[in-house]
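Trainee: I am new to this structure and would like to know the reasons behind the words used for it. Could we go through them together?

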Amino acid sequence: MTEKSDHPEPTGQADKQATDGKVVLNFGCGDTKMEDAINVDHIKLPNVDMVFDFEKFPYPFESNSVDEIHMYFVLEHLFDHLNVIKELHRILKRRGMLYIRVPHGSGMYGQWGEFTHYRGYGWHSFDIFKADNKRAYYTDVRFKIKSRVKYFLTYPYDWYQYNTWVPHWEKYWFSPLIKLWVNFIQSLIDLNPEFFERFWCYYVGGAAEVYVELEKV
Ligand SMILES: C[S@@+](CC[C@H](N)C(=O)[O-])C[C@H]1O[C@@H](n2cnc3c(N)ncnc32)[C@H](O)[C@@H]1O
């Protein structure tokens, strides 16, 4: 049986990747395994390499030791998300990359569709980590940030190095129509995500996610 740990001590292979070059972490992997990463979760599923709780600090990694962290649909499960980002920043090397996928706040389906979600996010949610943001005084953690609002969860899927959410509807005859519609709406969102969030997101059922690439500075 799979059970949640009580988080006494982290288990697993913290230095699994160190000898192969880049240290890559798949945080909150669930049942999704990234082959060349250390897969971490607080629930010991078969593919999980290390078990610990992301809300208990510090994580079992040295400061400035990690090249890449992927955190896909995890942050919304964590109450203390500001301190989580601070901790991720600590363990990343300078110029290390943090890739985040989270539910967009307008998406009823993605944001509130799961019992353990605390919140959704917007296009600007991560801007407090930019040096030139007017709310940058909230924290001294700094990243360079590229943020995108994504209309559909499963498509297009070429935004990511690892895609964990594969369309289940691709086998149906109408899937080309869905793709056409998604591409059309996505191109309009990309013109101005802020305008989309403020004025028209609810006319098209809301957006699915915010995808953010953060580079430690
Ligand atoms: C929605 S799943 C995402 C799984 C995978 N990243 C994906 O995109 O398919 C969220 C994962 O975060 C993990 N998680 C939630 N809270 C956590 C915590 N406090 N510490 C570590 N992992 C946590 C859950 O166990 C779950 O596997």
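Mentor: Gladly! Keep in mind that this is a predicted model. Let us begin with one pair of residues: valine 24 has glutamate 68 in β4 as its bridge partner.

Trainee: What makes β1 and β4 a pair of strands?

Mentor: Pairing takes at least two bridges. Strand β1 (residues 24-27) and β4 are joined by three, and they run parallel, so they count as paired.

Trainee: How do you know that β4 pairs with β5 too?

Mentor: Use the same test. Six bridges link β4 to strand β5 (residues 92-103), in the parallel sense. Histidine 70 stands opposite tyrosine 99 in β5.

Trainee: What lies on the other flank of β1, towards β2?

Mentor: β1 and β2 run parallel and share three bridges. Asparagine 26 has asparagine 39 in β2 as its bridge partner. Next, β2 is joined by two bridges to strand β3 (residues 50-51), again in parallel. With a requirement of at least two bridges, that pair still qualifies. Here valine 40 is partnered by methionine 50 in β3.

Trainee: Why is the sheet called mixed?

Mentor: Look at how its strands run. β1 and β4 are parallel, whereas β6 and β7 run antiparallel, joined by eight bridges. In that antiparallel pair, phenylalanine 143 is partnered by lysine 216 in β7. The full order of the seven strands is β3-β2-β1-β4-β5-β7-β6, in an open sheet with mixed pairing.

Trainee: What makes β3 and β6 edge strands?

Mentor: Each of them pairs on one side only.

Trainee: Why is the unit of β4, α1 and β5 called right-handed?

Mentor: Point the strands away from you and follow the path from the first strand over the helix to the second: a clockwise path is called right-handed. β4, helix α1 (residues 81-91) and β5 make a right-handed β-α-β unit. In α1, the buried residues are Ile85, Leu88, His89 and Ile91, and their cover includes β4, β5 and β7 (209-216).

Trainee: What makes β4 mostly covered?

Mentor: Of the seven residues in strand β4 (residues 66-72), six are buried. In strand β2 (residues 38-41), Ile38 and Val40 point one way and Asn39 and Asp41 the other, and all are buried.

Trainee: How do you know that the buried residues of α4 line one face?

Mentor: In helix α4 (residues 193-200), Pro193, Phe196 and Glu197 are buried. Seen down the axis of α4, its buried residues fall within an arc of 95 degrees, so they line one face of the helix. The face turned away from that buried side carries the exposed residues Glu194, Phe195, Arg198 and Phe199. Among the elements covering the buried residues of α4 are β6 (143-150) and α3 (175-191).

Trainee: Why is lysine 130 called partly exposed?

Mentor: Lysine 130 has 18 C-beta neighbours inside 10 Å. A buried residue needs 20 or more and an exposed one 12 or fewer, so lysine 130 counts as partly exposed. Lysine 130 sits in the loop between α2 (108-111) and β6. Leaving out residues up to four places away in sequence, lysine 130 touches Ala136 and Ile145.

Trainee: Which residues come nearest to the ligand?

Mentor: Gly28, Gly30, His42, Phe54 and Tyr72 do, out of 16 residues around the ligand. That shell divides into seven nonpolar, six polar and three charged residues.

Notes:
Residues numbered from 1 in each chain as written. Predicted model: local features only at pLDDT ≥ 70, side-chain atom pairs only at ≥ 80, totals over all residues. Near = placed C-beta within 6 Å. Nonpolar A, V, L, I, M, F, W, Y, C, P; charged D, E, K, R; others polar. Helix = DSSP H or I, 4+ residues; strand = E, 2+ residues; numbered from the N terminus. Arc of directions from axis to C-beta. Contact = placed C-beta atoms within 7 Å.
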